[in-house]
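User: I would like a close look at one residue and its setting. Please keep it brisk.

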Amino acid sequence: MSNKPKKKSRQQVYTLLVEVGRNAGDGLPKDATGAALMCFASGVDEAEAVRETVAILKQADLAPLDVSGYGTLDERLAEGHDISDDEKGLMQRALDENSVIVAQMTPFFDKS
């Protein structure tokens with residue numbers, strides 16, 4: 001048995017917060033003005049994760065307006081973020097499937 005370290009995957013999972021506007025067929029509540037989506041996306045770097053996430057959301061008839069990156073699991077832990085086992089499981093799933101996971105969607109409503 002070799003003591004060589006396992007070759008580390010180039011893919012990492014990034015936590016992204018995506019703001020979306022309205023689009024026909026987007027599936028958001030009728031009176032919502034948009035939404036915030038917490039996503040876990042795999043990529044060789046954050047830029048790739050953002051590109052993949054935006055492309056997938058557009059395919060789902062959503063209208064991405066802005067993306068904020070919060071880094072990888074290790075980066076978030078180093079910053080003191082409290083990350084649940086559920087979140088870690090979704091991150092692992094995104095890595096295993098080389099995919100984008102929408103973990104949470106919060107619709108926005110006009111308060112006027």
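User: Is T53 buried or exposed, and why does it count that way? Please go on to its contacts, the strands and the whole chain.

Analyst: This is a predicted model: local features need pLDDT of at least 70, side-chain atom pairs count only at pLDDT 80 or more, and totals for chains, interfaces and linings use all residues. Numbering starts from 1 along each chain as its sequence is written, and side-chain values use heavy atoms, leaving out hydrogens and water.

T53 counts as buried because its relative accessibility is 0%. Buried means under 20% relative accessible area, exposed over 50%, and partly exposed in between, with a 1.4 Å probe and protein chains only. T53 sits in helix α1, residues 46-59. Helices (H or I, at least four residues) and strands (E, at least two) are DSSP runs, numbered from the N terminus.

The T53 side chain reaches back to A49: the backbone oxygen of A49 is at 2.8 Å. Leaving aside residues up to four places away in sequence, T53 touches L16, V18, C39, A41 and V100. Contact here means heavy atoms within 4.5 Å.

Now the strands. Strand β1 covers residues 12-21. Seven of its 10 residues are buried, so the strand is mostly covered. Two strands pair if DSSP finds at least two bridges between them. β1 pairs with strand β2 (residues 32-43) in the antiparallel sense, over nine bridges. In that pairing, V20 has A35 of β2 as its bridge partner. β1 also pairs with strand β3 (residues 63-72), again antiparallel, over seven bridges. There, E19 stands opposite D66 in β3.

Next, the whole chain. The chain has three helices and four strands. Along the sequence they follow the pattern β-β-α-β-α-α-β. The C-alpha trace spans about 65 × 30 × 20 Å along its principal axes. Of the 112 residues, 30% are buried. Among contacts with a separation of 6 or more, 71% join residues 24 or more positions apart.

Last, surface and charge. The accessible surface of the chain is about 7500 Å², and carbon and sulfur atoms hold 49% of that surface. Areas come from the Shrake-Rupley method with a 1.4 Å probe; for residues, only the protein chains shown count as cover. The chain carries 13 positive and 19 negative side chains, and the centres of the two sets lie 6 Å apart. Lys and Arg count as positive, Asp and Glu as negative; His and the chain ends are not counted. Each charge is placed at NZ of Lys, CZ of Arg, CG of Asp or CD of Glu.

Technical notes:
Polar contact = N/O pair within 3.5 Å; in protein donor to acceptor, adjacent residues only side chain to side chain.
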